[in-house]
Amino acid sequence: MVKKHDYIETAVIHGGYDTKRMLGSLTPPIFQTSTYTFETAEQGERRFAGDEEGYIYSRLGNPTVHILEERIADLENGEKGLAFASGMAAVSAVLIALTKANDHIVCSSGLYGCTFGLLSMMKEKYNIDTDYTDMISKDELRKRIKKETTVIYVETPINPTMKLIDLQMVAEVAKEFHIPVVVDNTFSSPYLQRPLDFGCDVVIHSATKYIGGHGDVIAGLVVGKEAFIDSVAATTQKDIGGVLSPFDAWLLLRGLKTLPVRLDRHCENAERIVEKLKRNNKVSNVYYPSDESNPDYPIMEKQMKRGGGVISFEIKGDKKTAQQVLNHLSFLQIAVSLGDAETLIEHPATMTHAVIPAATRQQMGITDQLIRLSVGLEAWQDIWSDLEQALDRI
Ligand code: LCS
């Protein structure tokens, strides 16, 4: 383990990496190899038995990936990290590791569409039922927990509604029942929110988003207690095999260096756009964590540094009107994903959350008029002028 740093601005650059171990290379080398040689047959036997440290095969471990895993553990204040080929590979490895047939999951009422799809498949194939709840109070949450409950799964801010869940409250209830709390921290990144600091047990990222930050890599990360991470590494990661490639790990190490700088700008831009959207007469509701009129504002103050780069808003009209806003844009890009330098805009009901049945979508607050905006790093004035002219034309 290399030195830990007091400030996240330093840890994103130096965390998990010791240049001395890598011939002085300032930038971590890419170990583009699938396997590692043994000096003798007996050495191979010792490595497989776990009696000797060392690399075996890149699905089981790779030095470049390992630097990233140490860095994300450092950033999330966790014991150990693990890297995956996608956010969904991370989510599925964790959820499958924590459940068996007939178990029960309590989940935030609202989450990324493919995670909802995974939970639906687990119900169909293994009778693992999921209860979706707003987690508004300790008592409400306690009522959802059954003797079969083995995981509490939380997204906050929730994709795409931007509702917040009180992480400390959830962690306190979970401890009463000895159930682990898994938090998808994709929308905040460790720069804005660190769930383990509030007593949660496992953090997941779609590193495709703010951690990569440049729209050029699909990746997932998990951080938790050493024993848990080792068990995932030895089971659902090793045997399902959704591991990260060394080159993609290198892209994430590179992206991470500017995470605080990028996020400060994403937040500043988003705050400006929120003010403009709130005053626009084509817009009926704006959802953003650090907006003082947001009912979840006290939760934001408690657990987040700032509101982040994603805004959701509803326009007056219907699905067609929402689609027109997207179609009228000139340089802002219609695309799913988020956290990139480019501003990305999408329509959750027909895109990222289309797999959720319409009635459930409504209950979760994903209406046909809802638009999700991932505010990029461009000048906020340019972002707003494109958005404003698109809204003017509906
Ligand atoms: N968790 C959250 C909160 C996400 O938003 C996503 C992807 C994932 C997990 C899965 O990560 P992936 O496998 O894509 O790396 N969210 C997307 C979105 O909102 N638009 O496109 C992808």
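This report walks through the overall build of a predicted model, then one central strand pairing and a few backbone oddities.

## Overall build

Let's start with the whole chain. The protein chain folds into 15 helices and twelve strands. A compact globule of 394 residues would have a radius of gyration near 21 Å, and the protein chain comes in at 21 Å, so the two agree. Along its principal axes, the C-alpha trace spans about 75 × 50 × 35 Å.

As for contacts, take those between residues at least 6 apart in sequence: 72% of them join residues at least 24 apart.

## Surface and charge

Of the 394 residues, 54% count as buried. The chain exposes about 17000 Å², with carbon and sulfur atoms supplying 51% of that area.

On the charge side, there are 42 positive and 53 negative charges, and their mean positions sit 2 Å apart.

## Strand E9 and its partners

Strand E9 covers residues 310–315, and six of its six residues are buried. Its two faces are both covered: Val310, Ser312 and Glu314 are buried on one side, while Ile311, Phe313 and Ile315 are buried on the other. So a glutamate and a serine are found among the buried residues here, along with Val310 and the residues of the other face.

E9 has strand E8 (residues 283–287) as a partner, with four bridges in the antiparallel sense. Within that pairing, Val283 has Ile315 of E9 as its bridge partner. E9 also pairs with strand E12 (residues 370–374), again antiparallel, this time through five bridges. There, Glu314 stands opposite Leu370 of E12.

## Two cis prolines in one loop

If you're scanning the backbone, have a look at the loop between strand E4 (149–155) and helix H7 (167–177), where Pro157 sits. The peptide bond from Thr156 to Pro157 is cis, with omega near -10 degrees. Pro160 also has its place in the loop between E4 and H7. The bond leading from Asn159 to Pro160 is cis too, with omega near 5 degrees.

## Positive phi outside glycine

Asn77 isn't a glycine, yet its phi is positive, near 55 degrees. You'll find Asn77 in the loop between helix H3 (63–75) and strand E1 (80–84). With a relative accessible area of 45%, Asn77 is partly exposed.

Met135 is another non-glycine residue with a positive phi, about 50 degrees. Met135 lies in the loop that runs between strand E3 (129–133) and helix H6 (138–144). Is Met135 buried or exposed? Its relative accessibility is 3%, so Met135 counts as buried.

Key
Residues are numbered from 1 along each chain as its sequence is written. This is a predicted model: local features need pLDDT of at least 70, side-chain atom pairs count only at pLDDT 80 or more; totals for chains, interfaces and linings use all residues. Side-chain values use heavy atoms; hydrogens and water are left out. The radius of gyration is taken over C-alpha atoms; the globule rule is 2.2 Å times the number of residues to the power 0.38. Buried means under 20% relative accessible area, exposed over 50%, partly exposed in between (1.4 Å probe, protein chains only). Contact means heavy atoms within 4.5 Å. Accessible areas come from the Shrake-Rupley method with a 1.4 Å probe; for residues, only the protein chains shown count as cover. Lys and Arg count as positive and Asp and Glu as negative; His and the chain ends are not counted. The place of a charge is taken as NZ of Lys, CZ of Arg, CG of Asp or CD of Glu. Two strands pair if DSSP finds at least two bridges between them.
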